[in-house]
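Grab a viewer and work through the exercises below. Each one sets a task and then walks through a solution.

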Amino acid sequence: MPVEILMPALSPTMTEGTLAKWVKSVGDKVEPGDVIAEIETDKATMEVEAVDEGTIGKILIEEGAEGVAVNTPIAVLLEEGEDESAIGNSSSASSSSSSGVSAPADEPAAPAPLAASSESEATQPQGKIVEDRDILYAQGQVIEPVPFDEALFLKNTQDQTVREALRDAMAEEMRRDETVFVMGEEVAEYQGAYKVTQGLLQEFGDKRVIDTPITEHGFAGLGVGAAFNGLRPVIEFMTMNFAMQAIDQIINSAAKTLYMAGGQMGCPIVFRGPNGAAARVGAQHSQDYASWYAHVPGLKVVAPWSAADAKGLLKAAIRDPNPVMFLENEILYGQNFAVPTDEDFTIPLGRAKIEREGKDVTIVAYSIMVGKSLEAAKKLAEEGIEAEVINLRTIRPLDRWTVLESLKKTNRIISVEEGWPFAGIGAEIAALCMEHGFDYLDAPVRRVCAADVPLPYAANLEQLALPQIDEIVHAAKDVCYKG
Amino acid sequence: MPVAAKKSDSKKKPDLKTVSNSAPVPDAEEMTRFYREMLLIRRFEEKAGQLYGMGLIGGFCHLYIGQEAVVTGIQSVQEPQDSIVTAYRDHGHMLACGMDPKGVMAELTGRRGGYSRGKGGSMHMFSREKNFYGGHGIVGAQVPIGTGLAFAHKYKGDNGVAMAYMGDGAANQGQVAESYNMAALWKLPVLYVIENNRYGMGTSADRHAAGALYRRGEGYGIPGEQVDGMDVFSVRNAARQALDYIRGGNGPYILEMMTYRYRGHSMSDPAKYRSKDEVSKYKDGHDPLLILRRMMDEQGIAEDDIKAIDREIKDIVNESAAFAQESPEPDPAELWTDVLVKVEE
């Protein structure tokens with residue numbers, strides 16, 4: 001059957017063009033790949049190549065014709081043994097254009113409800129699957145997390161620093177799972193730039209505790225490849241500031257691959273390291289990246305405060321089949337907390353903790369700001385204001401339910417973070433309260449953030465730039481109209 | 001002991017007797033197999049170009065036409081446990097490692113039957129079954145990932161080698177140098193394949209790369225070799241030697257495959273930066289399929305047998321194109337799936 005050759009598009013936006021030149025003429029034999037014509041648009045010229053083998057039977061659009069619409073038949077190709085008489089039926093000629101087929105995505109894609117693709121999902125509308133939470137939120141639902149009885153684990157505890165708790169979490173998971181390994185700058189021989197990996201090399205050897213060159217982009221990508229190929233890497237950044245060198249691998253490779261692969265291949269990896277300001281290390285070593293990573297679907301973002309948080313959350317992060325950004329804090333490393341001794345102690349990701357109950361105002365915080373908020377709550381109590389302090393623990397997926405339930409109780413809420421205000425975590429909390437807690441608000445949401453400047457070095461300026469206890473107190477009183 | 005970088009005699013016309021020392025003499029069976037595999041890639045890509053022209057494939061579409069010998073030759077000496085990762089000019093690699101042309105074409109048209117169920121597109125397809133790890137859209141990003149695949153091979157002790165493909169443009173990326181360093185330092189089983197098609201998009205290699213790309217590993221002690229990437233047997237022989245070296249526990253190896261892409265960088269690139277004479281020099285004088293056809297003729301392989309392969313490939317490609325148009329668009333509910341792996345609590 002004769003085959004119609006159609007006017008091709010040079011790009012998805014091209015609708016018509018000029019048939020500038022015929023390179024082949026009627027009677028010429030062509031093979032796949034042979035250039036048969038040239039077409040032009042105002043932007044470019046391109047060659048039209050034959051896809052099928054045959055003989056040019058008829059030219060339908062003459063050289064020089066302008067405004068030829070895409071998919072218009074421009075010539076007819078005869079197969080072996082056919083002659084021109086076959087063209088009479090050219091209306092029925094097979095054209096691989098199949099003009100009846102509409103181009104994909106003609107209609108704008110309306111957001112569809114989350115598919116109940118399995119029985120278990122359909123029967124679990126309570127959001128037991130934490131990974132669906134942000135999707136359900138996009139559809140207007142705030143999901144209650146599954147209860148977690150932490151008190152059960154708190155019967156037997158030991159005092160540990162955050163540093164020790166993180167080390168124990170890694171060591172326990174490495175004992176439990178042969179595929180877990182730790183890699184980063186100074187993690188092995190040096191025992192960790194902040195001594196977080198102390199003793200791991202001695203216990204697990206240099207196959208599983210690996211010092212890297214100072215090439216963050218390279219070893220982050222190497223970790224992603226290892227995770228694709230069946231391992232569970234824990235990649236330490238000496239600070240999260242250096243992870244900016246590697247952010248392409250974190251976002252484009254680790255976070256997006258599961259989706260781009262249609263679910264076929266995920267990336268079970270933990271990127272961890274100190275995040276936020278330390279003490280007078282200047283603008284390039286002090287940034288809080290919580291909102292950067294929380295912006296990205298496909299990542300989980302965790303920010304522990306206490307040593308118990310650090311241990312339970314890091315163990316959960318290592319077991320999680322998804323890429324997790326684990327944001328630690330250098331100043332907290334040396335602080336002591338009671339940590340459950342049970343090796344099965346893990347804290348489910350996606351659940352906030354109420355660190356202090358109160359009825360007058362809610363303070364939402366994460367990482368080091370939880371401690372400052374608790375200090376602020378003490379001061380507020382002296383003035384007769386009972387603040388409820390929420391430790392977010394996981395930034396994404398955010399435990400919105402716990403925040404809103406607290407708001408329903410206190411009707412006043414502030415957020416505290418070490419990051420900058422613009423599009424920060426506080427902005428997300430404020431949006432949440434607008435969208436789902438508007439009727440419960442007795443005062444506008446207030447945000448306490450770092451000053452909107454690169455962090456200065458001078459002691460007094462640094463103090464001014466970072467959120468302090470008094471600022472938290474002030475903001476809390478403000479929303480209680482007791483300023 | 002590090003082997004010095006060397007340059008195979010790629011300026012000469014490919015002549016198997018001089019290209020490699022202990023290379024096995026190709027037989028009719030191997031020639032036929034290579035012809036079939038390379039023709040599948042050629043015809044598949046031509047069809048993809050056609051579907052693009054009809055508006056059935058959108059976005060970016062980077063065709064592999066002209067470079068078929070590279071992936072075909074390397075794949076032929078791999079072992080089943082080996083892994084592959086490449087950039088965005090990736091359809092040829094998928095077909096070479098045995099992925100179903102229907103699934104690849106349906107991904108190009110963004111349909112339900114595609115390897116990523118329509119959510120990845122031309123640059124983002126994966127197959128765990130075939131150890132094909134993508135399909136990556138960021139120039140050079142696949143190189144540390146390939147190094148990580150190799151790290152896992154060594155860690156697990158599965159005797160696998162990772163094939164990390166990159167273009168001449170990607171070879172300049174900092175993360176490639178970072179990868180070379182770590183792979184050499186830890187003797188990782190990775191074969192770096194630089195597919196030098198002489199242009200990083202529109203910038204020719206002599207304008208974007210200082211020095212020879214196969215020598216970029218020298219400082220790290222990684223042996224490198226330049227190979228005629230238009231001759232599938234030169235490719236196969238070089239890859240076999242490199243893989244033997246790597247599997248011997250010696251660490252990484254670099255093969256720079258001198259090749260050429262006939263089409264633009266992507267479908268929307270009219271390729272004004274090079275002359276027609278230059279393109280036809282390769283197309284007419286150094287085409288991987290023509291070189292192989294000549295060898296097959298000399299070998300006395302019957303014209304009818306070759307025609308039968310041509311017809312078979314034509315059918316496979318037409319079927320894949322039909323499937324790619326018939327397969328429905330993804331269910332709208334797919335928008336929300338596969339963001340995170342679900343953990344049952």
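## Exercise 1: a tyrosine in a loop

Task: work out which residues Y273(B) touches, leaving aside those up to four places away in sequence, and where Y273(B) sits.

Solution.
- Step 1. Start with the neighbour list: Y273(B) touches Y199(B), M201(B), G202(B), R261(B), G264(B) and H265(B), with residues up to four places away in sequence not counted. Keep in mind that this is a predicted model.
- Step 2. Place the residue: Y273(B) belongs to the loop between β8 and α10 of chain B.
- Step 3. Take one of those neighbours, G202(B). The C-alpha atoms of Y273(B) and G202(B) are 6.1 Å apart, although 71 residues separate the two in sequence.
- Step 4. Look for a polar partner: the side chain of Y273(B) comes to 3.4 Å from the backbone oxygen of M201(B).
- Step 5. Check the exposure. The relative accessible area of Y273(B) is 26%, so it counts as partly exposed.

## Exercise 2: positive phi without glycine

Task: take K187(B), whose phi is positive, and A271(B), whose phi is positive too, and decide for each whether it is buried or partly exposed.

Solution.
- Step 1. Read off the angles. K187(B), which is not a glycine, has a phi near 50 degrees; for A271(B), also not a glycine, phi is about 55 degrees.
- Step 2. Find the loops. K187(B) lies between α7 (174-185) and β4 (190-196) of chain B, while A271(B) is in the loop between β8 (253-258) and α10 (276-285) of chain B.
- Step 3. Apply the cut-off: buried means under 20% relative accessible area. A271(B) has 15%, so it is buried. K187(B) has 44%, so it is partly exposed.

## Exercise 3: a helix that is mostly covered

Task: explain why helix α5 (residues 101-108) of chain B is described as largely enclosed.

Solution.
- Step 1. Count: seven of the eight residues of α5 of chain B are buried, and therefore the rest of the structure largely encloses this helix.
- Step 2. Name them: the buried ones are P101(B), G103(B), V104(B), M105(B), A106(B), E107(B) and L108(B).
- Step 3. See what does the covering. The buried residues of α5(B) pack against α2 (28-53), α4 (91-96) and α12 (303-326) of chain B.
- Step 4. Look at the ends. At the N-terminal end D100(B) acts as a cap, with a side-chain oxygen 3.0 Å from the backbone nitrogen of K102(B). Just after α5(B) comes G110(B), with a positive phi of about 70 degrees.

## Exercise 4: two loops of chain A

Task: find which side chain D132(A) makes a polar contact with, and say which peptide bond at P397(A) is cis.

Solution.
- Step 1. D132(A) is in the loop between α1 (119-122) and α2 (133-138) of chain A.
- Step 2. With a relative accessible area of 6%, D132(A) is buried.
- Step 3. Its partner is in chain B: the side chains of D132(A) and K342(B) make a polar contact at 3.3 Å.
- Step 4. Now the other loop. P397(A) lies between β20 (394-396) and α11 (400-410) of chain A, and the bond leading from R396(A) to P397(A) is cis, with omega near 0 degrees.

## Exercise 5: sizing up both chains

Task: hold the radius of gyration of each chain against the value for a globule.

Solution.
- Step 1. Chain A has 14 helices and 22 strands. Its radius of gyration is 30 Å, whereas a compact globule of 483 residues would be near 23 Å.
- Step 2. The box around the C-alpha atoms of chain A is roughly 100 × 55 × 55 Å along the principal axes.
- Step 3. Chain B has twelve helices and eight strands. Its radius of gyration is 20 Å, close to the 20 Å from the globule rule for 345 residues, so chain B is as compact as a globular protein of that length.
- Step 4. The C-alpha trace of chain B spans about 60 × 55 × 40 Å along its principal axes.
- Step 5. Finish with the charges. In chain A the mean positions of the 40 positive and 75 negative charges are 12 Å apart; in chain B, with 42 positive and 47 negative side chains, the two centres lie 4 Å apart.

Methods. Residues are numbered from 1 along each chain as its sequence is written. Chains are lettered from A and ligands numbered from 1 in the order in which they are written. This is a predicted model: local features need pLDDT of at least 70, side-chain atom pairs count only at pLDDT 80 or more; totals for chains, interfaces and linings use all residues. Side-chain values use heavy atoms; hydrogens and water are left out. Helices (H or I, at least four residues) and strands (E, at least two) are DSSP runs, numbered from the N terminus. The radius of gyration is taken over C-alpha atoms; the globule rule is 2.2 Å times the number of residues to the power 0.38. Lys and Arg count as positive and Asp and Glu as negative; His and the chain ends are not counted. The place of a charge is taken as NZ of Lys, CZ of Arg, CG of Asp or CD of Glu. Buried means under 20% relative accessible area, exposed over 50%, partly exposed in between (1.4 Å probe, protein chains only). Contact means heavy atoms within 4.5 Å. A polar contact is a pair of N or O atoms within 3.5 Å; within protein, one must be able to donate a hydrogen and the other to accept it, and residues adjacent in sequence count only if both atoms are side-chain atoms.
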